[in-house]
Structures are given as C-alpha cells and as structure tokens.
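Reader: I'd like a close look at one part of this model, the buried side of a single helix and what sits around it. Could you walk me through that, then step back to how the chains meet?

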Amino acid sequence: MGSEIIFYLLSALSIFSALVVVFSKNPIYSVLSLIVCFFSIAGHYVMLNAQFLAIVHIIVYAGAIMVLLLFTVMLLNLNKESEPHKSNLIKVAAIVTGGLLMLTLLASLRTSQLPVYVSPTDLGLGTVQTVGKSLFTDYLLPFEISSILFISAMIGAVVLAKKER
Amino acid sequence: MTLIIFKTLLILIIFLISLGIAAYSTYGERKIAAFLQDRIGPDRAGPFGILQPIADGVKMFLKEEIIPNVSNKWLFILGPCIFMVTALMTSAVIPWGLPLEISGVKYNLQVADINIGILYVLGVVSLGVYGIMIGGWASNNKFALLGAIRASSQMISYELAMGMSVIAILLMNDGSLSLNSMVENQGTGKLYGFINISGMNWNVFYQPVAFLIFLICAFAECNRTPFDLAESESELIGGFHTEYSSMKLGLYLFAEYINMFISAAVISCLFFGGYNFPGISYLQEILPANIVSLISVAVLFGKIIFFIFFFMWIRWTIPRFRYDQLMRLGWQWLMPLSIINMLITGAVLIWIRN
Amino acid sequence: MQLTNRAQQVVQKEMTLAERLYLPAIFAGLSITIKHLFKKKATLKYPEVKREFAPVYRGQHVLKRDAEGRENCTACGLCAVSCPAEAITMDAAERKAGEEHLYREEKYAAKYEINMLRCIYCGLCEEACPKDAIYLTDRIVASEFTRGKFVYGKDVLVEKMDDRIDVSQRKKHYSIVNN
C-alpha cells in the first residue's frame with residue numbers, strides 16, 4: 001500500500017517535471033526540471049530494487065551530463081529576445097516530425113502488451129554483482145559495441161577540439 | 001518500532017554532530033591558521049575563544065540580507081539550500097561504530113547499510129555541483145559565474161579519478177560496495193598475511209597510491225587549497241558566492257566544512273579502518289560490548305579530526321594551483337595513475353587467488 | 001657593483017623526477033609549517049599588554065613650554081621650511097608688554113597649524129628647531145570623521161601645564177646624534 005502511494009507520487013512528479021521541461025520558456029528551468037525528472041526515475045529504479053542502476057543513473061545523468069548541459073545553457077545565455085525567428089518551413093517540418101514520432105509511439109503502444117507488474121522476489125537482482133555478471137555474459141556483445149561507440153565519440157570530440165594546423 | 005526510533009535518534013545525532021563539527025571547524029581553521037603563522041587567533045569569546053562559532057553564527061544571522069535585483073530570486077535561494085542538503089545527506093552511509101546492544105537487540109550505528117554505499121557517496125557529492133552552479137549563475141555576476149564554472153568543471157574532473165581510485169579498494173573488498181563491509185574487512189585478518197595485530201588490516205597499507213589519489217581528489221572536491229580556484233579571493237573576489245550575504249553565505253561556507261568533515265570520514269572508512277583500532281579484539285574480551293562500541297566511535301572521530309586538521313594544515317602550507325595545472329594534474333596524472341593502480345590491483349588479486 | 005654576497009646565478013635546469021612529483025617539496029613545506037605550531041607566538045594581547053614604543057618613536061607633535069610655562073616657539077619658520085610635506089604653517093606676532101609669562105621670546109606664533117594628513121612624521125622639524133620648541137612624541141594621532149579636523153592648531157599642539165609631555169628621551173637621543 002505504502003509503496004503504491006510512493007509509486008503514484010513519483011510517477012506524477014516525473015510526468016509533471018517532464019512537462020515542465022517541454023513547456024518552460026526559460027531553458028534553465030527546463031534543465032533543472034529535467035534533473036528532477038531523472039531523480040524521480042531513479043526513485044522508480046529503487047522501487048524495483050535496482051539500487052545500483054538508480055545510483056549510476058544519478059551519477060551519470062544528473063551528476064555529469066546534466067551539469068554539462070547546464071554549463072552550455074548558462075554560457076549561451078539564451079533569452080527570449082535573442083532567440084532567432086523560425087521560418088514557417090521549419091515549423092511545418094517540426095510538426096510533421098513530431099506527428100510521425102507520435103504515430104510510431106501510438107502504433108507500438110497499440111501492439112504491445114503491458115506486462116503485469118510483479119514485485120521482484122530476488123532481492124539480489126539489482127546489486128553490482130548481478131548487473132556485472134549479466135553484462136559480461138549474456139550481453140557481452142552489445143556492451144562492447146556500446147563502448148566502441150563511446151570511444152568513437154570521444155575521438156570525434158578530440159578531433160573537433162584540436163586546433164587547426 | 002524501536003528500530004525506527006533508534007534510526008531517527010541516530011539521524012538527529014549525526015545531523016547535530018555534523019553541524020557542531022562544521023561550526024568548530026571554522027574556529028579550528030582560524031586557530032590553526034593563527035598557530036601556523038605564529039599568531040594566537042580568536043581568543044576573546046569565552047576561554048580560548050571557544051564561543052567564537054556562536055558569535056560568528058549570530059553575526060551571520062543578523063547581517064543584512066541582500067538579494068541582487070537582477071538575480072533570479074528562486075534559484076538564488078535554491079543554490080545554498082541544495083549545497084547544504086547534499087553536504088548533509090552523505091553522512092547516511094557511514095558506519096560510525098561497532099553495533100550497540102540495548103536490551104538484547106543489536107543496533108547498527110549506521111543510518112542505512114545499502115549495498116551501494118560508496119557509490120551513494122560519489123553520487124551525492126556529484127550533486128553538490130548544482131548548488132554551486134545554480135548559485136553562481138543566479139547571482140548574475142561574471143565573477144560568480146566564472147567561479148561556478150571553475151568549481152563545477154574541477155569537481156567533475158576530479159570525481160572521475162576519485163571513482164577510479166576507489167575501484168581498487170572495491171576489488172580488494174570482493175566487489176562489495178557497502179561501506180560497512182569494507183570497514184569490517186579492515187578489522188579482521190592479518191596485515192600482509194603475517195603481521196597479527198587485530199583491527200590493523202587497513203587498506204592504506206595495501207593501497208598507498210589509491211589513498212594518495214583519493215586524498216588529492218578529496219581536496220579538489222571540497223574546493224580546499226591548493227584547489228580553491230572556485231573561490232580564489234585574489235582573482236575572483238569570492239567566486240560563486242560573491243553576491244551572497246547573511247546566512248545564505250553562511251550556508252555555503254558551512255556546507256564546505258561539512259563536506260570536509262564527511263570526506264575526512266570517508267577517507268578514514270576507506271583507508272584507515274573506520275572505527276577499527278589496534279587491539280580492538282583484546283578490548284572486546286575484557287570490556288562489555290557497548291563500551292567497546294563507544295570507544296570505536298571515539299576512535300573514528302579521532303581519525304576524522306586528524307584528517308580535518310590535515311586539510312587545514314595543507315591549506316596553510318601550499319599555495320593555489322593555476323587552472324591549467326589543476327586540469328593537467330587531474331586528467332593527465334591522477335586519471336592514468338588510478339587506472340594503472342586498478343589494473344595492477346586486479347592482476348595481483350588474481351595471482352594471489354590462483 | 002656587488003652589494004651583498006647573497007646573489008645567486010639563476011639556472012634553468014631540468015627538474016628531477018623527485019622535484020617533478022612535488023611530494024618531497026610538499027612534505028618539506030608541511031614540516032616547516034608544523035614547526036611553527038610550537039613556536040612562541042608573536043601576538044600581544046593588545047588592551048591588556050601594550051607594545052613598548054621605541055624611545056625615538058615619531059608620533060604626534062608637541063609644542064613645548066619651558067619650566068616657567070612659557071611657550072618656547074619664536075615663530076622663526078625653520079620647521080615650516082624644513083618640512084618636506086609642507087604640513088606646517090604659522091603666523092608670527094610680537095609679544096606685548098605683560099605677556100612675558102606666556103611667551104619666552106619677543107616674537108611668538110599667534111597661529112601654528114600642522115596638517116596631520118600631510119605630515120610624514122620624518123622628524124625634520126624637531127631637528128630644525130633652534131629653540132627646543134617642537135618635538136615629536138610617542139602619542140598616536142587619533143582618527144577623525146572629517147579631514148578638516150586633522151589640521152591641528154595650537155589648542156592641540158601646545159602642551160598643557162598640568163599635563164606636561166616628557167621629551168627627555170628624545171633630547172638624549174639627539175644629543176647623542178649631534179655630538
């Protein structure tokens with residue numbers, strides 16, 4: 001009963017903060033509410049007994065990536081006045097893309113079956129050991145491929161940041 | 001039910017102790033600074049000036065509260081709050097002593113023994129950046145913004161090396177991230193496998209390099225000299241808290257001392273055996289368990305106070321780094337060093353176990 | 001021209017590994033600072049303990065009177081001429097009959113002002129004075145709220161008969177220096 005109340009509170013918080021991200025005029029507020037959103041999602045992870053995932057989510061997303069995002073937004077000094085005027089063509093393109101995404105989401109939602117929520121019985125499910133074991137046995141290939149992706153991104157960043165000779 | 005009451009009491013006590021130690025750290029800092037410079041330091045409020053923190057607190061509360069007109073008011077207030085909350089939150093996973101036994105029930109002197117303890121500490125510390133960034137940006141002052149940017153990029157950079165150096169300890173601890181099990185492991189077994197002093201199996205004897213890296217990163221995370229580029233009075237007026245006044249400034253300064261207290265506690269738990277001390281098993285034989293438990297708490301606090309003193313000692317010895325030196329040290333020295341240390345630790349562990 | 005033998009040739013040699021690690025240097029610094037923890041403190045607890053002034057300390061000026069209470073100053077203007085900061089100004093007046101108990105010489109300073117903000121406390125005025133009239137003392141010039149109040153007139157500078165200021169130490173010092 002108690003966990004159900006917490007679940008609904010967290011869900012409401014995450015949906016509300018996600019809406020603020022989209023609708024807020026001030027980009028700083030968007031970033032901050034995105035952080036709140038990440039926190040509530042981390043709360044969901046904890047409810048699913050995946051503490052490791054929750055804390056890594058907070059460290060990586062809230063602790064590192066969002067700080068960099070906040071950095072950029074603060075330094076760019078985005079105001080409503082300095083925002084460039086968007087042409088009608090871009091607006092139409094945006095509406096079309098958004099509609100397509102919506103359509104895909106709706107289609108995938110219609111065909112998918114929502115799984116019945118089962119509270120995890122195995123308490124060791126979310127620990128470092130189990131996550132590590134499944135990453136290095138069952139999901140070894142995707143894990144390595146994603147690390148190659150990160151390496152290539154890093155090399156790309158270094159190349160971009162390097163001075164022209 | 002009694003467990004809930006005990007935990008609530010424990011949280012309250014830890015909260016009060018953190019604040020008390022932070023308050024007296026400000027006094028200790030001034031006193032130590034004075035002593036290292038052949039001065040006396042504050043000695044007017046009470047005998048030897050021990051009431052000085054109270055006087056400082058009253059002064060902070062009574063100062064005029066100034067919120068700049070051009071600042072973002074909500075974020076301006078939110079900044080110090082976040083910084084203070086994250087500073088206080090870290091103490092939840094630190095094991096403060098051996099379990100107490102009250103009327104047959106054992107109570108752990110730790111608020112939450114979660115299986116990701118040290119990651120929790122790193123995660124909460126990484127959130128402390130927000131307090132600085134939001135405060136610095138909301139001030140709408142270029143010095144504050146520069147200070148905030150310096151502070152946050154410094155904290156992000158050193159977090160990586162810090163996490164890497166901790167991994168070596170985790171490897172030695174059979175992959176358990178719980179601070180409690182780490183401290184317990186340091187209290188059992190023989191040092192290097194043959195020196196038999198109970199409660200002396202400390203990680204610092206196995207991992208001096210990791211300790212050094214962690215210590216340097218702790219200095220950087222707490223924005224202490226030689227890494228106090230976030231504040232650097234001589235270049236940035238006061239850094240991210242330039243525009244702050246009254247108790248909001250007080251919160252920033254206070255939270256910094258709490259950070260120092262917590263990082264001293266984490267260092268003693270990770271590398272110096274936490275509440276363990278040489279001869280602990282002998283004392284357990286001759287004294288009742290609760291008294292040994294209290295002694296272990298006192299020992300942990302002794303270690304913490306030593307490290308706080310060490311932080312201050314370093315501050316009044318070493319001058320500030322230049323910013324490019326800071327970044328070079330973090331990325332080109334500490335990061336590779338901690339990765340090499342981690343690899344060597346893993347190799348040696350595999351060699352020993354086979 | 002070599003002034004001292006402490007001069008050292010600057011060398012820019014490659015740092016050794018120990019120097020580049022900085023750790024030995026840091027430990028050396030730490031040991032130096034920790035030694036100071038146990039040294040005698042230089043602080044004096046001011047209101048209770050006061051630091052002794054040197055006998056030749058140059059503080060606020062005094063215009064002396066002689067043993068009978070007559071002002072020594074004869075308004076010759078040598079102090080004003082010698083003053084490098086041009087802080088001293090005065091008006092001379094002739095002594096009238098019946099004023100012999102007030103002024104020792106036939107000419108006296110009707111107005112005598114020192115601007116304490118301009119004064120650099122060099123002590124040239126007391127060296128220039130032929131009549132033993134002006135001396136610098138170990139009194140410290142008090143702080144004021146307005147600049148105008150720092151122009152001290154005769155009411156402040158001339159010593160009071162019931163509160164005479166002892167300058168014997170300075171006189172001794174000057175007799176040593178001059179002879």
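Author: Here is a tour that starts at one helix and works outward to the cores and the chain contacts. Keep in mind that this is a predicted model.

Let's start with helix H6 of chain B, which covers residues 179–187. Its buried residues are B:Leu179, B:Asn180, B:Met182, B:Val183, B:Gln186 and B:Gly187. If you look down the axis of H6(B), those buried residues fall within an arc of 165°, so they line one face of the helix. That fits a general rule: an α-helix has 3.6 residues a turn, so residues three or four places apart point the same way.

What lies over that face? The cover on the buried residues of H6(B) includes four helices of chain B: H4 (117–138), H5 (142–172), H9 and H10 (280–286). Just past the helix, H6(B) is followed by B:Gly189, which has a positive phi, near 85°.

One of those covering helices, H9, turns up again in the core. The largest nonpolar core has 118 residues, and B:Phe214, B:Cys217 and B:Phe261 touch the most other members. Helix H9 of chain B, residues 246–271, gives the most to this core, with 17 residues. Now pick out B:Cys217: leaving aside residues up to four places away in sequence, B:Cys217 touches B:Tyr158, B:Ala161, B:Met162, B:Ser165 and B:Leu334. Apart from the largest core lies another one, of 21 residues, and its members include C:Ala87, C:Ile88, C:Tyr103 and C:Cys119.

Now for the chains. Two pairs of chains touch, and chains A and B have the most contacts. Their contact takes 15 residues from chain A and 18 residues from chain B. On the side of chain A that touches chain B, helices H3 (51–76) and H5 (128–136) of chain A each supply at least two residues. H3(A) gives the most there, with twelve residues. By type, the chain A side divides into eleven nonpolar, four polar and no charged residues.

The contact between chains C and B takes eleven residues from chain C and ten residues from chain B. Here the chain C side has five nonpolar, four polar and two charged residues. Chains A and C, on the other hand, do not touch, and their nearest C-alpha atoms are 27 Å apart.

Last, a word on chain A itself: it is divided into domain 1 (2–90) and domain 2 (127–165). Taken over C-alpha atoms, the centres of those two domains of chain A are separated by 24 Å.

Definitions and conventions: Residues numbered from 1 in each chain as written. Chains lettered and ligands numbered in written order. Predicted model: local features only at pLDDT ≥ 70, side-chain atom pairs only at ≥ 80, totals over all residues. Contact = placed C-beta atoms within 7 Å. Nonpolar A, V, L, I, M, F, W, Y, C, P; charged D, E, K, R; others polar. Domains from an automatic or database assignment. Core = buried A, V, L, I, M, F, W, Y, C linked by C-beta atoms within 7 Å. Buried ≥ 20, exposed ≤ 12 C-beta atoms within 10 Å, placed from the backbone. Arc of directions from axis to C-beta.
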